[in-house]
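Student: Can we go through this structure together? I'd like to learn where the words for it come from.

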Amino acid sequence: MAWVQVVVAVCSAVITVTGWALASRSQRDSAGGPARLGSTSRHLVRPVELPPSSGYFLGRDAELAHLSQTLTKSLGLEAPSAVTISGPGGIGKTTLAVELARRLADRFPDGQLFAHLTRLRASPGDPDAIVTQALTDFVNALQSQDKTVPSTLEELLFRYRTLTRHSRVLVVLDGVPEELDVSRLLPAGSKCGAILTGRRPVAGVELPSEQMCELSRLAQGDAVDLLRQETGRDEPMLLELADRCDGHPLALRLAGTALAQRPQWEPHPLSNALESIDHPDTHRPEPFDAFYAFLADKERLAFRCLAVMPDHQFVPWMLAAAADVDDDEARLLGGRLAHLRLIERYSPELFSEPRYVIDEAVGEYARRRANIEDSPVDRDSRRRRLRNAANQRRSQRADHPHVRRLVFPRLASGNLGEAWIGARAALSAARETGDLHAEASATVAIAEVSAEFGNLGEAEQLLRRSIEAASAIPPAGARTDDASAGAAALGPASGAVIDGESNGKGPVTTATLARAHRCLGQVLRRNQQWESAAQSLDAAVKLARRDGEPGELVRGLTERAVLASHRRQGGAAVADLQEAEALCTGAGKAQLSTVWWARGLCLLQEGKLDQAAQALTHARTHAERPDHALSLAQLFYWSAVTELGRENFQDARTQGTQGLIAFDDMRHRYGAGRCRHILGLAALHLDDPDEAVRLLQEAVETLQTCGDPNSLREAQLSLDRALGALDSRAQSASSEARVPRVAPLTGWGERLMRARH
């Protein structure tokens, strides 16, 4: 029975995950950890939202020192301390603001918030849209996760002021639009600070002149130093390039990046390229010409197409339409421009389609180059092709791919890579056609694949967003004129559709919510959040009953049974398993392996190892079919766990090896890493510490890339034990003593239990 405790503690990263991080965080809070924000006691790490540093900082030492002194000397007075940084686009306002915020971060221990206001979308019918978006982000970052974010501007303002009134928070507002009254975004506390940047002095904030800094271009020496840092070269040609950039920081960085990728260029080719830039009599050479000279012809065309992109951002198909090239070439060109730092590639979420953001100053230069080099007919043709492509994609509602066809069969058969690709294709299609039902279910599917890969944190985030968005989708027949609102709520994750062929016409919200709650309950169970998991699984079962889909109901009941066994509710587990088994009639027999898997885990949790082994063997007989490859691999893993608990170490090795082979065939790194963990433990108890160390090192290396820190931690503890056994063998070998066989229970097992609780 003691071995059962060790097995459950060590091997069940899938069904019981340690809460050591939360416990240590609570201890930190009680010992005077993160400061209080307003009247809310935080149990989260303070928000630090500053962008990464550029790596070096040149030519602004005097401004930095002045702003630092000005901002800090007025802290604690009646109002929050604030400074503004103004200047033309690309002059270095953001770089200076971020460097200033980083150097003063210790003065604001309750957090540093950052908002790039030019990237927030203004609404013609809502002049407060930017303020509302920024406040929503700030409040969400400052308050505890168990609180909801207010929905109205008035409530947001009240919550924001409450959270910052007695705190020490630094707020950086970058790219403040000229017409925006920014006073509502300033924190309320007198010990707070604010750094604001804009092309002109910021409206809505009256500051003395000493708190306002207007940037000018860099001196020649600083400009050459910047190019030297960017290129790694120290040649006279840098002086010529610095002069052509006229001390403009952004132009210098872009030209330096382009030159660094052309190490073969010498002074004469550079001079010839610079002279080749066309300038009509009405246009003077300008700093950005320096980087444009380095571009190839197709890169120049793609760059000029940036002039027609709406809202300073685009996705590859938009560039394909504007440049009149195919999608593959557009992706290559977009990637090339991003590599040259002319545009910024980002994915709003881990699994989303890449998007590109255009710096405002770069976009303005693209428009000027297009006006110089392209005829009005060419520019109009680009806009027309882009508009036609957008309309065509919106008209393809009935043709988008579905999850039922592209994801779930592939996932069950172990084709994880294909499931992933299908999921991304389905979500992209759903977003482009504005099908909110398909998009909601797609995000659930991508979360399920993510959880299978071991990335529990990302899966939980996507599932919570999906539940919130799906709950807000209008019922069938309801009309909405703003499909993009639902898309924004979901975020451009990437994904697939769920149990239902929505095709933009019928609601699949009930099935979507049932699956989302069930997957969330599984993730929470694996994270040992029992009460929250129970709420999600209760909701999943209720929704599945309403939807009338027996397959999802069986999955919900079996998950809830496993959770009930962890909560020592054996009667509830038995009832759910009996109902699930009764549903497995006819076509439902394919799910009998799921029922017997759940029964085996419940028996394992209860310490009935012999019965658990029999149940898992029975489950394998139902899963030995091509479309159940993933289930079969998981059953081999759990059979190995059970045999380890029964001290049948050779059988544990056999079952674990079969699981490892199955997971390796599927390229399932997370499953393979967990099987190596079990095999390492079996080798350790078969008196083979060398093999144990090898397997456990491989397990640790694999799990480091899977996003499940708790499974990784368990493997590291096992590796420590194996290394200790290996050291003991080495010491004993010198005295010709045989290494004693590892006992089933050791001080390590007790240490592990203490670490878990």
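Tutor: Sure, and let's start with a pair of helices: α26 and α27 cross in a left-handed way. Before we go on, this is a predicted model, where local features need pLDDT of at least 70, side-chain atom pairs count only at pLDDT 80 or more, and totals for chains, interfaces and linings use all residues. Residues are numbered from 1 along each chain as its sequence is written, and side-chain values use heavy atoms, with hydrogens and water left out.

Student: What makes a crossing of α26 and α27 left-handed?

Tutor: The near helix is turned anticlockwise from the far one by less than a right angle; clockwise would be right-handed. Helices here are DSSP runs of H or I with at least four residues, strands are runs of E with at least two, and both are numbered from the N terminus.

Student: Why are α26 and α27 called roughly antiparallel?

Tutor: Helix α26 (residues 570-583) and helix α27 (residues 592-605) pack at about 165°, with axes 10 Å apart. Axes are lines fitted to C-alpha atoms, for helices over the stretch in contact, and angles run from 0 to 180 degrees between N-to-C directions. Under 35 degrees counts as roughly parallel, over 145 as roughly antiparallel, 65 to 115 as roughly perpendicular, and the rest as oblique. So α26 and α27 are roughly antiparallel.

Student: And why are α27 and α29 roughly parallel?

Tutor: The axes of α27 and helix α29 (residues 629-645) cross at roughly 20° and come within 11 Å, so the two helices count as roughly parallel. In that contact (heavy atoms within 4.5 Å), Trp-597, Leu-601 and Leu-604 of α27 meet Leu-635, Trp-638, Val-641 and Thr-642 of α29.

Student: How do you know that β2 is largely enclosed?

Tutor: Buried means under 20% relative accessible area, exposed over 50%, and partly exposed in between, using a 1.4 Å probe and protein chains only. Four of the five residues of β2 (residues 112-116) are buried, so the rest of the structure largely encloses this strand.

Student: What makes β2 and β3 a pair?

Tutor: Two strands pair if DSSP finds at least two bridges between them. Five bridges join β2 to β3 (residues 170-174), and the two run parallel. His-116, for one, has Asp-174 in β3 as its bridge partner.

Student: Why do β6 and β7 stand at the edges?

Tutor: The open sheet has three strands in the order β6-β8-β7, with antiparallel pairing. β6 (313-314) and β7 (343-346) each have a single partner strand, so one side of each lacks a neighbour in the sheet.
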